[in-house]
Amino acid sequence: MASHNQAASPRPATVAWAGDAVEILDQTALPGAEVVLRCTTVAEVVDAITRLAVRGAPAIGVAGAYGVALAAQLHSPDSEPGHFAAAVDQLRAARPTAVNLARMVDRAAAHAAAGPGAVLAAAHEIRDQERTASFAMGELGADLLTELAGARPLRVMTICNTGGLASVERGTALAVIQTLHERGMLAEALPLETRPLLQGGRLTTWELARMGAPHRLLVDSAAAYLLSRGAADAVVVGADRIAANGDTANKVGTFALSLGARHAGVPFVVVAPESTIDMDTATGGAIQIEDRGADEVCSFHGVAVSPPGTAAVNPAFDVTPVALVTALVTDRRVVRFDTGATLAATPVGP
Ligand code: MRU
């Protein structure tokens with residue numbers, strides 16, 4: 001039976017500025033505890049991003065921008081330009097795949113000459129834009145799914161965590177699911193647990209329960225089978241970087257999910273803000289995919305699950321070719337790849 005809990009009380013912000021620190025809701029502690037990390041140094045912000053205390057493309061972009069604001073406060077770009085530049089470099093390199101991180105770090109750092117206040121204002125603006133974008137994606141995505149899959153309550157499969165934890169509010173693919181739920185058009189959400197770190201099993205279930213949306217969790221390896229048996233009407237996923245041709249890097253497992261959706265004949269929709277599109281990267285083959293090492297695969301929460309010394313391959317993301325993507329929903333347009341539309345030729349709305 002689908003879980004359908006009551007909406008919950010407010011939670012700490014995913015990322016917030018606290019005057020002299022960046023506050024981050026520690027996603028490694030969820031769903032067990034709501035722990036807020038108070039980062040007073042740039043190294044602590046970098047560490048929080050690296051070990052996925054904050055994660056998800058838009059959220060690490062916002063955290064990176066606030067990290068630059070902290071750097072500007074601690075190391076004046078005027079009197080300590082070397083320190084400031086080194087801090088910016090460390091922030092932008094904390095994770096390589098999501099374009100949002102380097103892009104938002106650079107955007108905040110571009111205001112350094114105008115002083116720390118200007119850098120902080122830029123970081124606030126980035127946060128506010130991502131928040132506004134998430135509402136727009138929810139609306140556009142819900143409209144599109146209703147058009148593609150039918151004007152009735154839908155069963156929607158998704159991977160990883162793409163909600164307010166992965167952005168600053170509502171999120172990307174999960175914002176679409178939330179909007180469908182609020183419209184009375186969600187029959188059930190079907191999140192994949194998302195190995196190896198269980199972003200779906202720990203975080204998406206937590207967010208769905210908090211919004212009171214019906215859902216059932218599945219193991220990643222059940223997805224294609226369940227799709228082939230007609231278990232879902234559509235698949236929606238987020239993105240970490242979208243190349244100019246529409247190839248999409250997202251959480252590892254997304255490519256397999258797209259193949260399952262194609263086999264089952266259900267729409268496979270990518271949902272991401274314009275800030276995740278990288279027109280400087282021609283195709284998915286040029287996207288750097290983060291490898292997070294063997295420990296995450298061979299142990300869980302510090303407990304070994306494989307014999308000592310087991311070698312592992314651990315790409316955090318994969319690339320779904322645009323040919324398998326039905327459509328991309330951003331905050332400002334819908335690109336129908338299935339009808340031959342391209343990113344370059346589809347105008348960006350206001
Ligand atoms: O490694 P993660 O948890 O940061 O990966 C996150 C994802 O792959 C999300 O799907 C993506 O960032 C889009 S989130 C709005």
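1. Two strands are said to pair if DSSP finds at least two bridges between them, and helices (H or I, at least four residues) and strands (E, at least two) are DSSP runs, numbered from the N terminus. The note below concerns a predicted model, in which local features need pLDDT of at least 70 and side-chain atom pairs count only at pLDDT 80 or more, while totals for chains, interfaces and linings use all residues. Residues are numbered from 1 along each chain as its sequence is written, and side-chain values use heavy atoms, with hydrogens and water left out.

2. In one of the sheets of this model, strand E7, which covers residues 241-243, runs antiparallel to E8 and is joined to E8 by 2 bridges. Within this pair, arginine 241 has alanine 249 of E8 as its bridge partner. The sheet as a whole is open and has 4 strands, in the order E10-E7-E8-E13, with mixed pairing. At its edges stand strand E10 (277-278) and strand E13 (317-320), each of which pairs on one side only.

3. A further open sheet is formed by 6 strands, whose order is E5-E4-E6-E9-E14-E15 and whose pairing is mixed. Strand E5 (186-191) and strand E15 (334-335) are at the edges and have a single partner strand each, so one side of each is left without a neighbour in the sheet. Elsewhere in this order, strand E9 (residues 268-271) and strand E14 (residues 327-329) run parallel and are joined by 3 bridges. A reader tracing that pair will find valine 269 opposite alanine 327 in E14.

4. The ligand has 16 residues around it (a heavy atom within 4 Å), and those that come nearest are Arg55, Arg95, Asp240, Asn250 and Lys251. Two side chains can be checked at once: a polar side-chain atom of lysine 251 is 2.7 Å from an oxygen atom of the ligand, and a polar side-chain atom of aspartate 240 is 2.8 Å from a ligand oxygen atom. The backbone is also involved, since a polar backbone atom of alanine 57 lies 2.9 Å from an oxygen atom of the ligand. Taken alone the ligand exposes 410 Å² (Shrake-Rupley method, 1.4 Å probe), and the protein buries 100% of that area.

5. Which elements give two or more residues to the shell around the ligand? They are helix H2 (57-74) and strand E8 (248-251). Strand E8 is thus met in the sheet order E10-E7-E8-E13 as well as in the ligand shell.

6. Some backbone details deserve a careful look, given that most residues other than glycine have a negative phi, and most peptide bonds are trans. The peptide bond from leucine 30 to proline 31 is cis, with omega near 5°, and proline 31 belongs to the loop between strand E2 (22-25) and strand E3 (36-39). Arginine 195 and proline 196 are likewise joined by a cis peptide bond, with omega about 0°, and proline 196 is in the loop between E5 and helix H7 (199-211).

7. Leucine 52, although not a glycine, has a positive phi of about 70°. This residue, leucine 52, is in the loop between helix H1 (42-50) and H2, and H2 is one of the elements that contribute to the ligand shell.

Methods: A polar contact is a pair of N or O atoms within 3.5 Å; within protein, one must be able to donate a hydrogen and the other to accept it, and residues adjacent in sequence count only if both atoms are side-chain atoms.
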